[in-house]
Amino acid sequence: MKNVRLLLIGAAALVLVAGCAKPPQQELTGAQDAVKVLSDSGLQKFAPDTAKKLNADLEAINQELKVQEDKWFKNYDKAKQMIATLKTEAEGFKPQLEQIKAQMKADATNALEAAKAAVAAAKELLANAPVGKGSKADIEAMTMDLTAVEESLPAVQTAIDSEDYTTATQQANNAKAKADEISAAVQAAMEKMGTAKK
């Protein structure tokens, strides 16, 4: 009888402990903070795929916590493991995010320098272009186009300064392409008139 009583008391204690298991809120907060640090550093802008994965992992953790909350016998071991994995991944990705940002900034800066060089080359060609009766209007039109290209370059620098490297690179590449196009047109005109530089 005594043994039966002890078994009943032990079972009751087990039910009480299992039923009162607390969710790992402190661990979850730590993982959420690690993700927030990345978000504040531009995770969505510079690594959207990783941002999507980490947010999906957070959602999965919340779902697991909800499943356990609805149970009589709660077990948060799986949630704790998921939280620990997420925190490790988030903290481990921070150096990679900084590398991605640095590379994108370098790419945008190089694209801007290439655009400036293309504009300078086109200006030099235009300055030496022969202005004849049939080419004067064309030269003036190309000069105006090149001026517009040159005036677009400060916006590229502004985009770089605001860490919008994708837009900056696209704008710089577009400017370079336009300047190269003008150079090619001037070169073709000069060759047609026999005044191209050898």
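**The whole chain**

Start with the full chain in cartoon view: seven helices and zero strands make up the protein. The model is a predicted one. Followed along the sequence, the pattern reads α-α-α-α-α-α-α. Colour by relative accessibility next; of the 198 residues, 30% count as buried. With a surface drawn, the accessible area comes to about 12600 Å², and 58% of that belongs to carbon and sulfur atoms. As for contacts with a separation of 6 or more, 76% are between residues 24 or more positions apart.

**Helix H2**

Select residues 25-40, which form helix H2. This helix has 16 residues and reaches 22 Å from its first C-alpha to its last, close to the 22 Å expected at 1.5 Å a residue. Show side chains for Leu28, Ala31, Ala34, Val35 and Leu38, which are buried in H2. Why do they sit on the same side of H2? The reason is that they cover an arc of only 120° around the axis. Now turn the helix over: Gln26 and Asp40 are exposed on the other side of H2.

To see what covers the buried residues of H2, add helix H3 (43-46), helix H4 (48-69) and H5, which are included in that cover. Then step just past the end of H2 to Gly42, which takes a positive phi of about 95°.

**The largest nonpolar core**

Next, select Leu43 and Val186. Among the 47 residues of the largest nonpolar core, these two touch the most other members. Which helices each supply at least two residues of this core? They are H2, H3, H4, H5, helix H6 (136-161) and helix H7 (165-192). H5 gives the most, with 16 residues.

Stay on Leu43 and display its contacts. Leaving aside neighbours within four places in sequence, Leu43 is in contact with Leu38, Pro48, Thr50, Ala51, Leu54, Phe93 and Leu97. One of these, Leu38, is a buried residue of H2.

**Lys101, in helix H5**

Select Lys101, which lies in helix H5 (residues 77-128). Is this lysine buried or exposed? Lys101 counts as buried because its relative accessibility is 12%, and the limit for buried is under 20%. Not counting residues up to four places away in sequence, the residues that Lys101 touches are Ser41, Phe46, Glu163 and Tyr165.

**Glu64 and Lys78**

Move to Glu64 in helix H4. Glu64 is buried too, with a relative accessible area of 10%. Outside the four places on either side in sequence, Glu64 touches Asn75, Lys78, Ala79 and Met82.

Put a distance label between Glu64 and Lys78: their side chains meet in a salt bridge, 4.0 Å from N to O. Lys78 lies in helix H5 and Glu64 in helix H4, so this pair ties together parts that are 14 residues apart in sequence. The two partners differ in cover: Lys78 is exposed at 53% relative accessible area, whereas Glu64 is buried at 10%.

**Other salt bridges**

The count of salt bridges comes to eleven. Two further pairs can be picked out for display.

For one of them, select Lys94 and Glu98, whose closest N and O atoms are 3.8 Å apart in a salt bridge. How far along helix H5 are Lys94 and Glu98 separated? They are four residues apart, which means about one helical turn. Lys94 counts as partly exposed at 32% relative accessibility, and Glu98 is also partly exposed, at 35%.

For the other, select Lys123 and Glu150, which form a salt bridge with the closest N and O atoms 3.1 Å apart. Lys123 belongs to helix H5 and Glu150 to helix H6, so the pair ties together parts that are 27 residues apart in sequence. With 40% relative accessibility, Lys123 counts as partly exposed; Glu150, with a relative accessible area of 33%, is partly exposed as well.

Finish by selecting Lys53, Asp57 and Glu89. Salt bridges that share partners join these residues into one network.

Key
Residues are numbered from 1 along each chain as its sequence is written. This is a predicted model: local features need pLDDT of at least 70, side-chain atom pairs count only at pLDDT 80 or more; totals for chains, interfaces and linings use all residues. Side-chain values use heavy atoms; hydrogens and water are left out. Buried means under 20% relative accessible area, exposed over 50%, partly exposed in between (1.4 Å probe, protein chains only). Contact means heavy atoms within 4.5 Å. Accessible areas come from the Shrake-Rupley method with a 1.4 Å probe; for residues, only the protein chains shown count as cover. The expected span of a helix is 1.5 Å times one less than its number of residues. The arc is that of the directions from the helix axis to the C-beta atoms. A nonpolar core is a set of buried Ala, Val, Leu, Ile, Met, Phe, Trp, Tyr and Cys residues joined through side-chain atoms within 4.5 Å.
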